[in-house]
Amino acid sequence: AMRLTFHGSVLILGGSSDLGRALALALCAEGAQVCCVCRDDAGCARCAQDGLPALVLADPETLPARCEALLGRPVGHLADLLHSRFEQLVALAAPGAIERWADDDIALRARCLRAVGRAMLARRFGRCVFVSSSAAQRPSPGQGWYAAAKLAGEGLYRSLGVELAGRGLSACSVRLSWLDAGRGHEFLSRHGQVARAMPAGRCLGPDEVLPGLCFLLSAEAAAINGSVVTLDGGLGALKLPEL
């Protein structure tokens, strides 16, 4: 099997999530050095239980330097799984909640991407992947804010790849469908009927998307730039899924 190449360490935003930790372990199996970034100490503790190095997000501008100090290697790859749990009908969201959503799901991501991108420029190499959602294409009621943040993230990563390709950086987004992990598992446990919307009649598990995510993060995938990759089990190909 082909061994994937990683030039520098891999920074995983949202690394304490179920998918984030699973991705970190899969990357470690590929020989990559990984640093998980968490919103709080509790997230870092979850990573530590899996033997994964972790940092509290805190000040985004210092992330690249803190990661390099922790691992002894500069950041060469970025996986962005960062997202809040804010979901609400568009017309019902409180003004204060909307402002927090804009800070947590758009502005914070933009600051992290700016900081990591600038650090990557010094080495003239960087590979960045934003984990988006099929909701960006077709949100369910109550997913308007979630979908809008995913679309904003896709736009940021697309622009980074377009603007800095000539200086060695590349970026893409990958849209996942319902995933039987983390809060996706929580949702599926309450709404098991949504699995019928999938062509296979079931939702994807983490093991089915991890190989694709590892490849997209690797140096071998640098030509996949400024674009969106769909990894949804065929959900987006259906005209009208029946729930």
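**Aromatic pairs, sheet and helix packing**

Trp101 is buried, and Trp145 is buried as well. Both belong to a predicted model. Their rings form an edge-to-face aromatic pair. The centres lie 5.0 Å apart, and the planes meet at 65°. Trp101 sits in helix 4 (residues 95–121) and Trp145 in helix 5. The pair thus links distant parts of the chain, 44 residues apart. Phe86 joins these two residues in one aromatic cluster.

A second pair is formed by Phe130 and Tyr157. Their ring centres are 5.4 Å apart and their planes lie at 20°, so the pair is stacked. Phe130 belongs to strand 5 and Tyr157 to helix 5, so the contact ties together parts that are 27 residues apart in sequence. Phe130 is buried, with a relative accessible area of 0%. Tyr157 also has 0% relative accessibility and counts as buried, because the cut-off is under 20%. In total, the count comes to three aromatic pairs.

The strands form an open sheet. Seven strands are arranged in the order 3-2-1-4-5-6-7, with parallel pairing. Strand 3 (54–56) and strand 7 (227–231) are the edge strands, each pairing on one side only. From one strand to the next, the twist averages 20°. Strand 1 (residues 9–13) and strand 4 (residues 75–80) run parallel and are joined by five bridges. Ser9 has Val75 in strand 4 as its bridge partner.

Helix 5 (residues 144–164) lies across four strands of this sheet: strand 4, strand 5 (126–133), strand 6 (169–176) and strand 7. Relative to strand 5, helix 5 runs at about 160°. Helix 5 carries Trp145, and Tyr157 lies in helix 5 too.

Helix 1 (residues 18–29) contains 12 residues. The span from its first C-alpha to its last is 17 Å, close to the 16 Å expected at 1.5 Å a residue. Buried positions in helix 1 are Leu19, Gly20, Arg21, Leu23, Ala24 and Leu27. An α-helix has 3.6 residues a turn, so residues three or four places apart point the same way. The buried residues of helix 1 pack against four strands: strand 1, strand 2 (34–38), strand 4 and strand 6. They also pack against helix 2 (41–49) and helix 7 (206–217). Just after helix 1, Gly31 adopts a positive phi of about 95°.

Note on methods:
Residues are numbered from 1 along each chain as its sequence is written. This is a predicted model: local features need pLDDT of at least 70, side-chain atom pairs count only at pLDDT 80 or more; totals for chains, interfaces and linings use all residues. Side-chain values use heavy atoms; hydrogens and water are left out. Two strands pair if DSSP finds at least two bridges between them. Helices (H or I, at least four residues) and strands (E, at least two) are DSSP runs, numbered from the N terminus. Axes are lines fitted to C-alpha atoms, for helices over the stretch in contact, and angles run from 0 to 180 degrees between N-to-C directions. Contact means heavy atoms within 4.5 Å. The expected span of a helix is 1.5 Å times one less than its number of residues. Buried means under 20% relative accessible area, exposed over 50%, partly exposed in between (1.4 Å probe, protein chains only). Rings of Phe, Tyr and Trp (its six-membered ring) pair if their centres lie within 6.5 Å; planes under 30 degrees apart count as stacked, over 60 as edge-to-face and the rest as tilted.
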